[in-house]
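Colleague: I am new to reading protein models. Could you walk me through one, feature by feature?

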Amino acid sequence: MKHSEKAEIFNKDEAKVNWHDKALWYVREKRDNSAHKVQGWEYLRELGSGIKANVLSNLDEYLIQFESNAKKNGIHVHWASNAEEHNEIVNSILVKHDAKKVVKSKSMLTEECHLNPYLEKKGIEVIDTDLGERIVQLAKEPPSHIVLPAIHKTKEEVDVLFQEHLGTKPSQGNPEYLVSEARKHLRNKFLKADVAITGVNFAVADTGGVVVCTNEGNADMGVHLAKAHIACMGIEKIIPQEKHLGVFLRLLARSATGQPITTYSSHFNKAEEGKEMHIIIVDNGRTEQLSREDFRASLHCIRCGACMNTCPIYRRSGGHSYDYTIPGPIGSILSPGKDLKKHSSLPFASTLCGSCSNVCPVKINIHEQLYKWRQVIVKEEKQPVIKKAVLKTAGVVLSKPGLYDFAGKSARFALKNFPKFMIYNKLNAWGKARDLPEVKNDNFDEWFKKRNKDG
Amino acid sequence: MKKTKVGLFIPCYINQLYPQVAIATLELLEKLNVDVYYPQGQTCCGQPLGNSGYEEDSKGACNLFVENFKEYDYIVGPSGSCIYHVKHHFDILEQTPEVIKVRNNAYELCEFLVKILGVTDLGASFPHKVGLHKSCHGLRGLKLGSCSEVMGPHFSTEEDLLNNVKGLELMSLNRKDECCGFGGTFSVFEEAISVKMGKDRIQDHLDSDVEVITGADHSCLMHLEGLINRNKQPLKVMHIAEILNSSL
């Protein structure tokens, strides 16, 4: 289904849309306030962008350096070219440890690779331990936002969900009660887990360690209690040196939630005594995106979600309307690179207002890439017959002043004289909720000619 | 010394549907003693095609634009998004000296008044409560003002002009620079979201006690006006050129 169709369905419940919009706008404003407190914020963004550009230009070297340093620390390093390989590697590690219970700390990469259903089919229990992730997992839904995965759910909806799955008492959505019940439930899962899987926010080439940012400390709890830790990362998560963390940690939390820093920035440099640590480095289409000059900067993304919070379309259409692991503006430039056909409506789910590019902590030119994807999609994907005919004809008319004059006059004549039913009908999407402009006078060309004759 | 020649660019939809905006723009420039010309045979900057992915098919319109305006020192138009398109998306044409000249010298009206002519007080009078819709392409694209999400000092070309209009009360909005949801063909192909965004923008103006919504891009205003008229809301819509040219 196209984004517009899904968004239309989401918009049937206007009160919910208003609530969703306000919740995300609140986060966007928190981000503004927090960024205002950092002197040289715009310079920091520039720096972040520059470091990422360096990383992407020398990715091979940094990755090899990272692997070599990680191995020196006793970490097992694996390489996966796609989602399937990634999942198989995870499974092989689980088999080795005879693991039946896995706790996971939020990782969009494992979502992208559809790891959960893969492992569940093998009889393994996978528990997402981030509260929002756990909520959507119980609801059997994918996250609708990369930082606020359950932002589309109200407290009351969570209440019902917890009653059903965790046996809680009805509380009319009392957040303190629900969070404490979730904590008890998750503690139990942490204690019994064999293996902990985490994502990676930053992989540091010169130390071979990784950094995971969470607000709930769930990555720490998982890793410290389990026998083995598997960290899954996309190849673009590399930063050259540990000192660069100072740039990215400051940018990430402020852009994501308006916090000065995430509550936990956990550094994992080697396995604890008697335990194992694995890192899986995943490509899954990233080198292909890197090869596209116009779109390579999309790999700067540090997954803060700021573009989603600011996007007026995302706020009013909900993350699920995008039908991709990473929704919103950044998802709309990443997804066509993965499957142009399936995601061809996403670059059009934007007014190109440019706010996404302005909030992006690593200065990805998101709205310009959306414009560029549109040109690619129209060339490579079959277009709706009417849309194509209208726009192609417009191209011809607008290149010939005589035709344009005739078309303009005809349109104005129609608007002025045609009966309403001919103008407001199913073919006219504009007129469904909006009036068309009223035509009263001459057009400007006619006015100008008359004035010059009279003058 | 040769006098500076200005070519007046009137976007297609303004020409056909909102001639009063074009007239106000022309009269304003004439009042300021600008040597202004209106080249005949103008059509469109090609933006509707480009934004829809049909950039290739817009080359004819773009070339015609360059042909019409290549001899002028400045090209001035009352529409931020069209000017943005000329400046940022005409790279599909071969970059001849004419194309480069046209792109470098294209100005949105407010920007031209403030930055090039150095005028902010046009002697206008408009005793009403006005809400300013800061259209995205002008704001974020042409940097007509500071954006709420970018850190730095506050500035606004349009506010500078409106603050000098006698009797005008510029109302402050809750969301100062959110998109109205027009977005060219977005308004048709993403109809539901487009309408919702427009409704929300209008509500902000209503909540802020606004009588007249203005802006430097009439396409956004056309979208808002369509909703206001359909829902019979107590708001008027006027292009900033009309307000700056009024002497009631």
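Modeller: Gladly; we will take the overall build, then the salt bridges, the interface and two single residues. Please keep in mind that this is a predicted model.

Colleague: Let us begin with chain A. How many helices and strands does the secondary structure of chain A come to?

Modeller: Chain A has 22 helices and ten strands. Its C-alpha atoms fill a box of roughly 95 × 55 × 45 Å along the principal axes.

Colleague: What share of the residues in chain A is buried?

Modeller: Here you need one cut-off: a residue is called buried when its relative accessible area is under 20%. Of the 455 residues in chain A, 58% are buried. You can also ask how far apart in sequence the touching residues are. Among contacts in chain A with a separation of 6 or more, 73% are between residues 24 or more positions apart.

Colleague: Now the charged side chains. How many salt bridges does a search of the whole structure find?

Modeller: The search gives 47 over all chains. To read one, look at which atoms meet, and then at where each residue sits. Take E14(A) and K196(B), whose side chains form a salt bridge with 2.9 Å from N to O. E14(A) belongs to helix α2 of chain A (residues 14–36) and K196(B) to helix α11 of chain B (residues 191–207), so this pair joins two chains.

Colleague: Are those two residues buried or exposed?

Modeller: They fall into separate classes. E14(A) is partly exposed, at 32% relative accessible area, whereas K196(B) is buried, at 4%.

Colleague: Which other residue does K196(B) meet in a salt bridge?

Modeller: K196(B) also meets D200(B), again in a salt bridge, at 2.9 Å from N to O. The two residues are four apart in helix α11 of chain B, so about one helical turn separates them. D200(B) is buried, with a relative accessible area of 18%. When salt bridges share partners, you can follow them from residue to residue. Doing that here gives one network of E14(A), D21(A), R315(A), R316(A), R175(B), E178(B), K196(B), K199(B) and D200(B).

Colleague: Can you show me a pair within one chain?

Modeller: Try K101(A) and E125(A), whose side chains form a salt bridge at 3.9 Å, N to O. This pair links distant parts of the chain: K101(A) is in strand β2 (residues 101–104) and E125(A) is in strand β3 (residues 125–128), 24 residues apart. K101(A) is partly exposed at 33%, and E125(A) is partly exposed at 27%.

Colleague: Let us turn to the interface. How many residues does the contact take from each chain?

Modeller: Chain B gives 68 residues and chain A gives 74. Together the two chains bury about 6300 Å², with 59% of that area on carbon and sulfur atoms. On the chain B side, Q16(B), Y54(B) and M151(B) supply 12% of the area buried against chain A, more than any other three residues.

Colleague: What polar links cross this interface?

Modeller: There are eleven salt bridges between chain B and chain A. There are also 36 residue pairs in polar contact across the interface. On the side of chain B that touches chain A, α11(B) gives the most, with nine residues. By class, that side has 32 nonpolar, 22 polar and 14 charged residues.

Colleague: Next, a single residue. Where does D283(A) lie?

Modeller: D283(A) is in the loop between β10 (276–282) and α13 (286–290) of chain A. With a buried charged residue, check for a partner of opposite charge. D283(A) is buried but has no salt bridge, and the nearest side chain of opposite charge, R286(A), is 5.8 Å away. Then check the backbone: the side chain of D283(A) reaches the backbone nitrogen of G285(A) at 3.1 Å and that of R286(A) at 2.7 Å. Leaving aside neighbours within four places in sequence, D283(A) contacts A80(A), S81(A) and I235(A).

Colleague: And what does S219(B) touch, not counting residues up to four places away in sequence?

Modeller: S219(B) touches Y13(B), S81(B) and F182(B). S219(B) sits in helix α12 of chain B (residues 218–230) and is buried, at 8% relative accessibility. Compare sequence with space here: S219(B) and Y13(B) are 206 residues apart in sequence, and their C-alpha atoms are 8.0 Å apart.

Notes
Residues are numbered from 1 along each chain as its sequence is written. Chains are lettered from A and ligands numbered from 1 in the order in which they are written. This is a predicted model: local features need pLDDT of at least 70, side-chain atom pairs count only at pLDDT 80 or more; totals for chains, interfaces and linings use all residues. Side-chain values use heavy atoms; hydrogens and water are left out. A salt bridge is a side-chain nitrogen of Lys or Arg within 4 Å of a carboxyl oxygen of Asp or Glu. Buried means under 20% relative accessible area, exposed over 50%, partly exposed in between (1.4 Å probe, protein chains only). Contact means heavy atoms within 4.5 Å. Buried area is the accessible area (1.4 Å probe) that two parts lose on being put together, summed over both. A polar contact is a pair of N or O atoms within 3.5 Å; within protein, one must be able to donate a hydrogen and the other to accept it, and residues adjacent in sequence count only if both atoms are side-chain atoms. Ala, Val, Leu, Ile, Met, Phe, Trp, Tyr, Cys and Pro count as nonpolar, Asp, Glu, Lys and Arg as charged, and the others, Gly among them, as polar. Lys and Arg count as positive and Asp and Glu as negative; His and the chain ends are not counted.
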